[in-house]
Amino acid sequence: MWAITRLLAGKDLRVEMRSRVIINQVVPFAALMMVMFAFALDSDTVLARVAPGLVWLAAMFSLLVIVQRSFALEAADGALDALRVAGANAGGIFLGKALALAAQLAVLEVILLGAALVLYNSHIVGSGIALLVGTYFTATAGLAFVGTLYGGLAVGAKGRETLLPLLMLPVVAPVLIGATRATEAALGTNGATATDGWPWVGLLTLFAVVFGVGGTLSFGSLIDE
Amino acid sequence: MNPLINMDTRATSTRFTSALGLATLIGLGWLAVFGLFLSPNDRVQKTGVRILYIHVPSAWLAYLAFVVTGLASAGYLWKRTRSLTLDRIAGASAEVGVLFMGITLVSGSLWGKISWGTYWTWDSRLTTTAFLFVTYIGYLAVRDLGGSHEQRARRSGVLALLALVEVPLVHFSVRWWRPLHQQESVAKGKLSDLMLFTLFVGLVSFTLLYVWLVMHRQRVAALDDMVDDGGLDRALADRRSEGMP
Amino acid sequence: MTAMLNAGYVIGSYAATFGGIALYTWHLLRRARRAAEQVPPQDRPWT
Amino acid sequence: MEPVVELVDVVAVLGQFPVLAGASLRVARGEIVLLRGPNGAGKTSLLRLCAGLLVIRRGSANVLGVDLVADRSAVRSRVGLLGHSNGLYADLTVADNVRFWGATIGASADEVLGAMQRMGLDDRLADVAVSRLSAGQRRRTALACLVARRAELWLLDEPHAGLDAAGRDELDAILRAAASSGATVIVASHELERAGSLATRVVEVVAGQVRERAL
């Protein structure tokens, strides 16, 4: 199982290295979202206040795009069939895809957070760095697991472009809430302090564990006919 | 013509469901009469309390439906109790649950308009309910994806179990997010005997309604599956005669 | 005035609830009849 | 000897359509069986079924001693399937693809290299992205991935399509060598002249069913 995980994650990252779709298309899309939020909200004080929420909202919409891309790769030339015929462990496929997804998402989130600091005039407080890192890892893992799980379910289905957001967005709502609150605590938004944030990291961890385990166990029955 | 009385078609009806349907109809009629006319106004909530007689039972029904969906799905996924009937019950129950969750949201927001002066607040119970509603709409969409019956059952079974784990996560995250949630409004214990009785009538008749609806919906699903399978024989005959003179 | 308005909300909620139930039931029984036409009665496990 | 493939009255559907309508087929070890028949007759489905990818609605199927009705997944790692699609990642290079598919089935780097050479893949192609290859070169790459698998049962869907004369000869030689070393080969092909000389037996697939036919 771990061998196929490593193989698949390596393969997905290599595809991204060669095609640069995420770097050339998804990152600009996410940055554009951050600018559009500023147009829509049109107030520096409001922007500074809602910056953490906007970062994670943009991350979530970008996740939808990355998941579509990740599974379009497998569907394009029948690679998913070939993986199944190769007898690849389904749990391994799940973890491999999720790992690559998490790595791509992680890079994207750093850029989004940087954009928020520059565009929305937010600041990281010194005591919040550990919290921010904790939030970042747990939320990214949770998002990647959910994305892979539902992406695999929708792959090959008719109308998958529209089905995926319907299935995924309600499920990632706790991540949006948890990551936003924890990031607010780390940035000191609205006078929140770092200690307010740690329970949220606990929730994010629980979320990631539930969907990581659930996905590894059930992925085989989701992608099989 | 009331569709509930129209039992003579015998499509998915049996003597049992007909009797159950009749009992449900009487219960619902009784509920309407008691809820709208016979029960008194509440001291605090005035006439708004009347909405609770249908709101609380429909919310109860919806939650019951989703629990049944989860249990039936678990039953399907567990190898020793695997049967497509359980899968169809899960689907039937989820559909009825979505209907009543929608009804609950409508009647709840009307009640909120009377009691709080607003249709919606971001209170944990309301928000969780709204998320459940959307989650199970997605579940029903996945059931419609096509493929074999077994594939449908497997996919949607996994999804139902994930949704079941998801509910507490959503609930608690929303609760921490907005700690200042509304007080439990029904459990304040100021209801008169007649009010409690009306609520009781509501709960009983909605539970009967749930059983009646799920039995029928499950049988419709069984018929649909049989039509699919029976269609196979015809399709096979067509297929074999391809290219024949 | 508010009493009138509130009565409107109450009636509205009853109409939505019972209307929703009736509509769904009608739809369900119609589906049942349609599907049953294609399956002979002896094949239905509940008859 | 126990047959490698034994299908009895197999029915399989795609959506509502029965792609296989009671197909029966017996293939012994070492055979090279040619499936022929009109488009849409069910050749592709027959191959996918043997690879454990299709749900069996009726009938029984046993491939390499595995009961496909009970457990389809157990047979998958032991067969090699080349379908209509090549299963290649267009953004990766030829070498990346062959290495990836080799690794998924546990083939060593040398075996993969050898397979590429046997399929006449130029060393200069190794670092070219698959998206820039011609259809024939892609087919050769996919075949190299398949050769590296050393499967017990080879299932090939129109393997000659898109290949030039040299490629076809190489493929035929590889299939003969595989069969003589104990593997079993089932080929669906329109190239009757060529495949006919390759096959030990020709089987006609018509309307989702199988009819034996003498050479």
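Reader: How much area is buried between chain D and chain B?

Author: About 1200 Å² in this predicted model, with carbon and sulfur atoms giving 50% of that area. Buried area is the accessible area (1.4 Å probe) that two parts lose on being put together, summed over both.

Reader: Which three residues of chain D supply the most of what chain D buries there?

Author: D:Arg57, D:Arg58 and D:Ala207, which supply 37% of the area that chain D buries against chain B, more than any other three residues.

Reader: And how many residues does each chain bring to the contact?

Author: Chain D brings 18 residues and chain B brings 10 residues, where contact means heavy atoms within 4.5 Å.

Reader: How many salt bridges are there across that interface?

Author: The rule finds two between chain D and chain B; a salt bridge is a side-chain nitrogen of Lys or Arg within 4 Å of a carboxyl oxygen of Asp or Glu. One of them joins the side chains of D:Arg57 and B:Asp229, at 2.9 Å from N to O.

Reader: Before I go on, what are the ground rules for numbering and confidence?

Author: Residues are numbered from 1 along each chain as its sequence is written, and chains are lettered from A and ligands numbered from 1 in the order in which they are written. The model is predicted, so local features need pLDDT of at least 70, side-chain atom pairs count only at pLDDT 80 or more, and totals for chains, interfaces and linings use all residues, while side-chain values use heavy atoms, with hydrogens and water left out.

Reader: OK, chain C and chain B now. How many residues are in contact?

Author: 29 residues of chain C touch 44 residues of chain B. The area buried between these two chains is about 3200 Å², and carbon and sulfur atoms give 77% of it. C:Tyr14, C:Tyr24 and C:Trp46 supply 23% of the area that chain C buries against chain B, more than any other three residues.

Reader: Which side chains form the salt bridge there?

Author: Those of C:Arg31 and B:Asp224, at 2.7 Å from N to O. The rule finds one salt bridge across this interface.

Reader: Switching to chain A: how many helices and strands?

Author: Eight helices and zero strands. Helices (H or I, at least four residues) and strands (E, at least two) are DSSP runs, numbered from the N terminus.

Reader: What share of chain A is buried?

Author: 58% of its 225 residues count as buried, meaning under 20% relative accessible area (exposed is over 50%, partly exposed in between; 1.4 Å probe, protein chains only).
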